[in-house]
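Please walk through this structure with me, from the whole chain down to single side chains. Keep the sequence at hand as you read.

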Amino acid sequence: MFGRLMLILVLGLVLAQALSFGVFLLQRMQSGKSMMLYSLGKDVASTVAILERLPAEERAGWLKNLERRNYRYQLGYIAMGAPLEIPLVDEVRESLRSALAASYPVVITAAPEGGKRLDMHLKLSDGTPLTVILTPSFMPLPDWLLPVIAIQLAVLIAFLWLAVRLATYPLAQLARAADLTEPQGAAQPLSEDGPLEVAQAAKAFNAMRARIDGFLSERMQILAAVSHDLQTPITRMRLRAELLDDATQRDRMLYDLQAMQMLVEEGIAYARNAHGLNETPCRTDLDALLGSLVYDYTDAGQAVRLSGELKLVLLTRPHALRRIVTNLADNALKFGKDVEIVLAREAGGRYSISVLDRGPGIPAEEREAVMQPFYRIESSRNRDTGGTGLGLAIVQQLTLALGGTLSLAQREGGGLAAQVLLPAA
């Protein structure tokens, strides 16, 4: 919007300035022509009077003193060009007729070699031919005019930029505030000062965000409460299942209860992470954090390797970061093989943590959906072929809370590449 308004206003300003400058030039040309015609008649009459009073041998020496910027005099016969019938010729003829006596008839022709030159032929009283050679031209523009116009345009554009900036800044603030609206509710409320319309919009936006935060908080509290309260009956059911005599039924029931317990724990984790992060940021050695995580997988017999070294100590929430990488690595181990965690520096002072695997990957049309809670690509809901559908949703929530972005892409050669892009500060 800022760019469009500036473009429209600057183009309008430049066109208006160009129109004004064109009118100025036209008026200057008309004024210059009027002054030239008036001076031409008076000067030619004066010159003729002077030459009439000078001896014939002295006349040629005076011609240099009598010439002007756009016309000069020549004694003696010169070849005549073609007659001209243009408005300027009529105006010149009228100016000379009103200034000279009737005994000095004037013939106006074009120059023999062509061009814009006008030759005005007349004879002195002794029969000596006199030609007034006129080269029409207008007064040149002063050297200071164009720099002054450029400075004027620059000043006007600067004030236009300030005006448009002041007009669009509240909209930019509103857009930034909307982008910062997250379940964590950590964003500062929008300032409610300024013009009346801006203050009303900011007040309405703050009220809307407060309502959204309340709805999200209530939803997460319900999810956490239900998930927490389910743990007690699940525990009782597990104890009762242990007392069953039928081993087959007991194992099936314990398996289902274990799946329910996993779903409850993931629900509690998702609600806790979505509702807000209470972990205090601290200085963390990223290489050491991920190195210890890979060692834990190796000790558990899982094939996970770490590539890249940043030598970066940053202020972050280490438990949240560890949970992000753990969830991605668990998914990679569950659905693929040859899992690799790659650290890399990115543009803009950011860093990335990528978890790569050699598995079936995720179809492009479902990569956004898998980040939503309880969404699973495998529709049978079988715990052996899919999880609770909360793993990537938790990763997405934690990544947003750390000010980063999560992206999923097809890995070259097959598999999935999950990249978490985070700021260094």
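## From chain to side chains

Of the contacts in the chain with a separation of 6 or more, 65% join residues 24 or more positions apart. This is a predicted model. The chain holds nine helices and eleven strands. It has 425 residues, and 33% of them are buried. About 25100 Å² is exposed, with carbon and sulfur atoms supplying 60% of that area.

Start with the interior. In soluble globular proteins, nonpolar side chains tend to be buried together. Here the largest nonpolar core has 38 residues. Leu286, Leu321, Leu328, Ile341, Tyr351, Ile353 and Leu408 touch the most other members. Several elements each supply at least two residues of this core: helices H7 (286-299), H8 (318-335) and H9 (391-401), and strands E8 (339-346), E9 (350-356), E10 (405-410) and E11 (416-423). Helix H8 gives the most, with seven residues.

Take Ile341 as a way in. Leaving aside neighbours within four places in sequence, Ile341 is in contact with Leu290, Leu293, Val294, Val304, Arg305, Leu306, Ser307, Val325, Ile353, Ser354 and Val355. Another core lies apart from the largest one. This other core has 25 residues, among them Leu51, Leu66, Leu100 and Leu118.

Now turn to charge. Side chains of opposite charge can pair when their charged atoms come close. The count here comes to eight salt bridges. One of them joins the side chains of Arg59 and Asp126, at 2.9 Å from N to O. Arg59 lies in helix H2 and Asp126 in the loop between strands E3 (118-123) and E4 (129-134), so the pair ties together parts 67 residues apart in sequence.

How do the two partners sit relative to the surface? Arg59 has a relative accessible area of 5%, so Arg59 counts as buried. Asp126 is partly exposed, at 44%. Helix H2 covers residues 59-66. Arg59 has a further polar partner: the backbone oxygen of Leu51 lies 2.8 Å from a polar atom of the Arg59 side chain. Beyond its neighbours within four places in sequence, Arg59 is in contact with Leu51, Glu52, Leu54, Leu75, Leu124, Asp126 and Thr128.

Lys64 and Glu67 make another salt bridge through their side chains, at 3.3 Å from N to O. Lys64 is exposed, with a relative accessible area of 60%. Glu67 is partly exposed, at 29%.

Return to Arg305, one of the contacts of Ile341. Arg305 forms a salt bridge with Asp338, and the closest N and O atoms are 2.5 Å apart. Arg305 is in strand E6 (residues 304-307), while Asp338 is in the loop between H8 and E8. The pair links distant parts of the chain, 33 residues apart. Arg305 counts as partly exposed, at 36% relative accessibility. Asp338 is also partly exposed, with a relative accessible area of 36%. Which residues does the wider network join? Salt bridges that share partners bring Arg305, Asp338, Glu340 and Arg411 into one network.

Finish on the surface. Ile151, Val155, Phe159, Trp161, Leu162 and Leu166 form a nonpolar patch there. Together these residues have about 640 Å² of accessible area. Val155 lies in helix H4 (residues 145-179). Is Val155 buried, partly exposed or exposed? At 41% relative accessibility, Val155 is partly exposed, because the partly exposed class runs between the 20% and 50% cut-offs.

Definitions and conventions:
Residues numbered from 1 in each chain as written. Predicted model: local features only at pLDDT ≥ 70, side-chain atom pairs only at ≥ 80, totals over all residues. Heavy atoms only, no water. Patch = residues over 30% accessible without salt bridge, like charges linked within 9 Å, V, L, I, M, F, W, Y side chains within 5 Å. Areas by Shrake-Rupley, 256 points an atom, 1.4 Å probe, with all protein chains shown as cover. Salt bridge = Lys/Arg side-chain N within 4 Å of Asp/Glu carboxyl O. Helix = DSSP H or I, 4+ residues; strand = E, 2+ residues; numbered from the N terminus. Buried < 20%, exposed > 50% of the residue type's maximum accessible area, 1.4 Å probe, protein only. Polar contact = N/O pair within 3.5 Å; in protein donor to acceptor, adjacent residues only side chain to side chain. Contact = heavy atoms within 4.5 Å. Core = buried A, V, L, I, M, F, W, Y, C linked by side-chain atoms within 4.5 Å.
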